[in-house]
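User: Hey, I'm new to this one. Can you walk me through it?

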Amino acid sequence: MSDKLTFHFDVDGESFVSAGQASVQVKKNLRELGLPPEVIRRVSIAMYEGEINMVIHANGGVADVDVYEDKVVIVLDDKGPGIKDVALAMQEGYSTASDQVRSLGFGAGMGLPNMKRYTDDMVIETVVGVGTKITMTIRL
Amino acid sequence: MTVKDLIEKHGFTPLSLPDPERTVSGCYIGDLLSWVMGRAKGDNVWLTIMSNVNTVAVASLSDVSLVLLAENVRPEDAVLSVAEAKGVNVAATELPLYEAALALRQDV
């Protein structure tokens, strides 16, 4: 695999029911590529958390997954409200999600911390009122 | 022990069993989905009362071997259809979470 393989997804911001479709598809694709199960688990959980964040906070966005010979790179890009205080958002348990979101089992304030936990590198570029781009790398 | 053997031994109600021969190893209890994704390990039994469609996605991505719904919680049929399609095992028990965990103790 000298060239990268790219998977592109549009994340629908309207529905928690369809949220996860991109992550599940990525899981399937990575399994077909024969990646180790623990790598697949880390990639798909990190991506799902990002997808859910885009549905909760940003009315959707786009997700790109690039598979290289030695790493998987996930880029999540949205035109949402941006993150006012990244350090605070990275704290486990801090959440601005609504009660309706919490009643579905989300909004525990673990999304960004989980994304960091399961990836080797995570970069957050965010501008309030413009959007957020998160780049996550998982080394193979 | 396999998912199928565990369900039979304890008389749990199978609701979706697309992958009955999976091995069960360890257990994680929780209803907050991100907490589960952060803490549950592959092949765990996930003991919960959360039964919406996102439960199925989290179970699939976390690679747990069985979602065991306590307190006789029953998901909607549409949720079980998704579970079948995604290869996620789901069963129910009338036991509360604590008693269900105690019952599993010897087997996982």
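Analyst: Sure, we'll start with the ground rules and then go through the contact between chains and a sheet. This is a predicted model, where local features need pLDDT of at least 70, side-chain atom pairs count only at pLDDT 80 or more, and totals for chains, interfaces and linings use all residues. Residues are numbered from 1 along each chain as its sequence is written, chains are lettered from A and ligands numbered from 1 in the order in which they are written, and side-chain values use heavy atoms, with hydrogens and water left out.

User: How many residues does each chain put into the contact?

Analyst: Chain A gives 22 residues and chain B gives 22 residues, with contact meaning heavy atoms within 4.5 Å.

User: And what area do they bury?

Analyst: About 1800 Å² between them, 57% of it on carbon and sulfur atoms. Buried area is the accessible area (1.4 Å probe) that two parts lose on being put together, summed over both. On the chain B side, Ser34(B), Met37(B) and Leu61(B) lose the most, together 34% of what that side buries.

User: Which side chains meet in a salt bridge there?

Analyst: Arg39(B) and Glu92(A), at 3.8 Å from N to O. One salt bridge is the count between these chains; the term covers a side-chain nitrogen of Lys or Arg within 4 Å of a carboxyl oxygen of Asp or Glu. Arg39(B) sits in helix α2 of chain B, and Glu92(A) in the loop between α3 (86–89) and α4 (99–103) of chain A. Helices here are DSSP runs of H or I with at least four residues, strands are E runs of at least two, and both are numbered from the N terminus.

User: OK, new topic. What's the strand order in the sheet?

Analyst: In chain A, an open sheet of five strands runs β1-β2-β3-β5-β4, with antiparallel pairing. Two strands pair if DSSP finds at least two bridges between them. The edges are β1 (5–12) and β4 (121–127), each pairing on one side only.

User: How many bridges join β3 and β5 of chain A?

Analyst: Eight, between residues 71–78 and residues 131–139. Within that pairing, Val73(A) stands opposite Thr137(A).

User: Which helix packs on the sheet?

Analyst: Helix α2 (residues 37–57) of chain A, touching β1, β2 (60–67), β3 and β5, with its direction at about 5 degrees to that of β3(A). For that angle, axes are lines fitted to C-alpha atoms, for helices over the stretch in contact, and angles run from 0 to 180 degrees between N-to-C directions.
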